[in-house]
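Colleague: Could you walk me through this one? I would like to start with how the helices pack and then go on to the sheets.

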Amino acid sequence: MATELLQQDVRSIFRCRMPHPCNLPPHAMRHPHLVVSITGHGFGHVAQTAPVLNLLHERMPQLRLTVRSSVPPGHLRSRIHAPFDHLPSEGDIGMVMSSALDVRIGESRAAYRAFHADWETRVEQEARLLHELGADAVLSNVGYLPLAGAQRAGIANAALCSLNWFDIYHHYTRDDETAAQIYACYAGADAFLRATPGMAMETLPNLTPVAPIAAVGENRRDVLDRHLKLAKDEKLVLVSMGGIASRLPIEHWPRIDGVRWLVQQHWQADHPDAIAFESLPLSFSDLLASSDALLCKPGYGSFVEAACSGTPVLYAGRPDWPESPALIEWLQRHGVCREVSRQDMEQGKIAGALEQLWNAPRPEPVVPDGAAQAAEWLTERIIL
């Protein structure tokens, strides 16, 4: 009830700030401009945001999009099908990582303190930039500086994510002063649209849960079978550690009879059963839907897209990452999954775990309604 009242207040405040386009004279009509910030801390944030932007474009072709992100533009355009302008962004630190699974706590704390050393000046500069861009609204997944700048500039703003850097950073560092500044940015947004599955975020007064968000690929296994000349009983396992620079030593893995590995080309994996998935004539989402299993770390994009595609998941635990318990518990209820030790994953000792996955019953794939819910909220509350 409190959340509903808050959303009503936000809507009324924003409508006082900006008249609805239908009430403007013809000469004042222009295309609304949504500035979107996407953190480069892994590709799951793009996987959450892109379906929402694609739906917004379908519903509002006149909507102008600017995407600010350190994610490579090629990856952004492979997921975001709407036209957009691209700008680099430093809207957050994320966490400093030594691998896809390991956080460098001391270096992260130092990076955050440097980022916040002249916080007020940084927020003023962000507000000025948003004004110069002509932003009508800001959506952030999940950098907090763009939210702070929008709030300083009086621009409507919302966060969208399954996690937030306040909870992540404070979990590792217990740095109350810096964490408080981060929290204020999220709490001051018009809403925090929390994608399911996600962290509880119980302290946020503006929390607005939405259903799972995913771009579901098409099962095109017949195309892969022909392209790779696979035997009828051969299995394809897609290996993906997300957007964090990291690799598995697959060249040292033992061979598993009848199993082929789809891996990133830049790994240059010298293994007789490894195939660079970039060389295949399918998108990543279609590859995931066409594979017999996904081998990964706990991550939103991997887990949710797999559950929506009906693809079993084998993952190495990540017990210290605060988001992991919510992701794992959800996938255990809605998909087929099994955890293996990090050592077994790195050594490729996973033949038995894969067999257990393939022998398990398959639930109905999840329907990802969250993108539609988020797009509707954004359209009704902050874009128009």
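Modeller: Keeping in mind that this is a predicted model, I would begin where Trp165, Phe166, Tyr169 and His170 in H7 meet Asp176, Thr178, Ala179, Ile182, Tyr183 and Tyr186 in H8. The residues of that contact of H7 with H8 divide into seven nonpolar, two polar and one charged.

Colleague: At what angle do H7 and H8 pack, and how far apart are their axes?

Modeller: The angle between H7 and H8 is about 170°, and their axes are 9 Å apart. H7 and H8 are therefore roughly antiparallel to each other, and their crossing is left-handed.

Colleague: What about the loop between H7 and H8, where is arginine 174 and what is its phi?

Modeller: Arginine 174 sits in the loop between helix H7 (165-173) and H8, and although arginine 174 is not a glycine, its phi is positive, at about 55°.

Colleague: Staying with H8, which residues does H6 bring to it?

Modeller: From H6 come Leu147, Ala148 and Gln151, which meet Ala184, Cys185 and Tyr186 in H8. Sorted by type, the residues of the contact of H6 with H8 are five nonpolar, one polar and no charged.

Colleague: And the geometry there, at what angle do H6 and H8 pack?

Modeller: Helix H6 (residues 145-153) and helix H8 (residues 176-187) pack at about 60° with their axes 8 Å apart, and H6 and H8 are therefore oblique to each other. H6 passes H8 in a left-handed crossing.

Colleague: How are H5 and H6 placed against each other?

Modeller: H5 and H6 pack at an angle of about 70°, with their axes 8 Å apart, and that makes H5 roughly perpendicular to H6. On the H5 side the residues include Trp119, Val123, Ala127 and Leu130, and those they meet in H6 include Leu145, Pro146, Ala148 and Ala153. Counting by type, the contact of H5 with H6 has nine nonpolar, two polar and five charged residues.

Colleague: Switching to aromatics, how many aromatic pairs are there in the whole structure?

Modeller: A search of the whole structure finds eleven aromatic pairs. In one of them, the rings of tyrosine 144 and tyrosine 186 have their centres 6.2 Å apart and their planes at 70°, so the pair is edge-to-face. The pair links distant parts of the chain, with tyrosine 144 in the loop between E4 and H6 and tyrosine 186 in helix H8, 42 residues apart.

Colleague: In that loop between E4 and H6, is the peptide bond from asparagine 141 to valine 142 cis or trans?

Modeller: The bond from asparagine 141 to valine 142 is cis, with omega near -5°, and valine 142 is found in the loop between E4 and H6. A cis peptide bond also joins threonine 196 and proline 197, where omega is about -5°, and proline 197 has its place in the loop between E6 and E7.

Colleague: On to the sheets then, what is the strand order in the sheet of seven?

Modeller: That open sheet of seven strands runs in the order E3-E2-E1-E4-E5-E6-E7, with parallel pairing. Its edge strands are strand E3 (85-87) and strand E7 (207-210), each of which pairs on one side only, and neighbouring strands in the sheet are turned by 20° against each other on average, direction ignored.

Colleague: How many bridges join E5 to E6?

Modeller: Four bridges join strand E5 (residues 156-161) to strand E6 (residues 191-195), and the two run parallel. One example is alanine 159, whose bridge partner in E6 is phenylalanine 192.

Colleague: Which strands does H5 lie across?

Modeller: Helix H5 (residues 119-133) lies across strand E1 (33-38), strand E2 (64-69), E3 and strand E4 (137-141), and it runs at about 150° to E2.

Colleague: And the sheet of six strands, what order does that have?

Modeller: The order is E10-E9-E8-E11-E12-E13, in an open sheet whose pairing is parallel. Strand E10 (274-276) and strand E13 (337-340) stand at the edges with a single partner strand each, so one side of each is left without a neighbour in the sheet. The twist from one strand to the next averages 25°.

Colleague: Which helix lies across E11, E12 and E13?

Modeller: Helix H14 (residues 351-359) does, lying also across strand E8 (235-239) and strand E9 (259-263), and H14 runs at about 165° to E13. Beneath that, three bridges join strand E11 (residues 293-296) to strand E12 (residues 313-316), and leucine 295 has leucine 314 as its bridge partner in E12.

Conventions. Residues numbered from 1 in each chain as written. Predicted model: local features only at pLDDT ≥ 70, side-chain atom pairs only at ≥ 80, totals over all residues. Heavy atoms only, no water. Pairing = 2+ DSSP bridges. Axes fitted to C-alpha atoms, helices over the stretch in contact; angles between N-to-C directions. Contact = heavy atoms within 4.5 Å. Parallel < 35°, antiparallel > 145°, perpendicular 65-115°, else oblique. Left-handed = near helix turned anticlockwise from the far one by under 90°. Nonpolar A, V, L, I, M, F, W, Y, C, P; charged D, E, K, R; others polar. Phe/Tyr/Trp six-rings, centres within 6.5 Å; stacked < 30°, edge-to-face > 60°.
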